[in-house]
Amino acid sequence: YRCRSCGATFASREALRAHIRSKHPVSYYAPRIGYVSAVVLVALLGGYFVLAREPPAQAVGAPISGIECWSMEQVAYHVHAKLEVYVRGERRTVPANIGIIPNRCMYWLHTHDATGWIHIEAPREIRATLGQFFDIWGQPLSRERVLDVDLVSSGLGMRVYVDGKPYDGDPREIELIDMREIAIDVGPPFAILSLIHI
């Protein structure tokens, strides 16, 4: 067995290894140190990138009517719809922060303020409905009941308008598309009669 560094020959591999360790320690240990260093460096860099990168948004709250609550606001699909609710001629406030659980998650349907604008913000295009929004709000919506008003026992009626036109279908199925204006008017007295715009 020949030493590649100095050319000396040895009768056994063990003798050659002993010679290299004693006479050429740098060439003996350098490859091993380099290999171990490379493995450690890769592990450290991988750990850094895993810890330093922004964590992906993920569902952290229980879904409501198929709408998820994610840890971060989504903007891939971002549209707005306007909701106004009137009961006996008086406007009811659509509260701020519906669908927002502070320091935890935000539902894809939510409000930021009390203006009635519903934000539909999802990681992809979705079909969102007024019924899903009311479910997230925790309020009833049907042809028999709206918010705290039981239409059957009160004898009141409900008129629904979508983009200024009467809507006779199931209010829960109204799709929340960009810039759609929805008004729910419970009466009498009805408020929409005296309004030019909803």
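This short talk covers one buried aspartate, the nonpolar core and the aromatic pairs of the structure shown above. Please keep in mind throughout that this is a predicted model.

Let me begin with D185, which sits in strand β13, the stretch covering residues 180-187. D185 is buried and yet has no salt bridge, and the nearest side chain of opposite charge, that of R159, is 5.5 Å away. Because a salt bridge here requires the two charged groups to come within 4 Å, that approach of R159 to D185, at 5.5 Å, is not counted as one. What does the side chain of D185 reach? It reaches the backbone nitrogen of A191, at 3.0 Å. If we leave aside the neighbours within four places in sequence, the contacts of D185 include Y86, G157, M158 and Y161, as well as R159 and A191 themselves.

The residue just before it takes us to the nonpolar core. The largest such core has 39 residues, and those that touch the most other members are L83, I120, L130, F133, L176 and I184. Several elements each supply at least two residues of this core, among them β2, β8, helix α3, β11 and β13, while β3 gives the most, with 6 residues. For I184, again leaving aside neighbours within four places in sequence, the contacts include L83, V85, L130, F134, L141 and V146, and also M158 and R159. Apart from this largest core lies another one, of 5 residues, with Y86, Y161, A183 and I192 among them; of these, Y86, Y161 and I192 are also in contact with D185.

Now to the aromatic rings, where the count comes to 4 pairs. One of them joins W70 and W108 in an edge-to-face arrangement, 5.6 Å centre to centre and with 65 degrees between the planes. Since W70 belongs to strand β2 and W108 to the loop between β6 and β7, this pair ties together parts that are 38 residues apart in sequence. As to burial, W70 has a relative accessible area of 15% and is buried, and W108 is likewise buried, with a value of 2%.

Another pair is that of F133 and W137, which is tilted, at 6.0 Å centre to centre and 50 degrees between the planes. Here both residues lie in helix α3, 4 residues apart, or about one turn of the helix, and both are buried. Together with F134, they form one aromatic cluster, and F133 is, as I said, one of the residues that touch the most other members of the largest core.

Terms used
Residues numbered from 1 in each chain as written. Predicted model: local features only at pLDDT ≥ 70, side-chain atom pairs only at ≥ 80, totals over all residues. Heavy atoms only, no water. Buried < 20%, exposed > 50% of the residue type's maximum accessible area, 1.4 Å probe, protein only. Lys, Arg positive; Asp, Glu negative; His and termini not counted. Polar contact = N/O pair within 3.5 Å; in protein donor to acceptor, adjacent residues only side chain to side chain. Contact = heavy atoms within 4.5 Å. Core = buried A, V, L, I, M, F, W, Y, C linked by side-chain atoms within 4.5 Å. Phe/Tyr/Trp six-rings, centres within 6.5 Å; stacked < 30°, edge-to-face > 60°.
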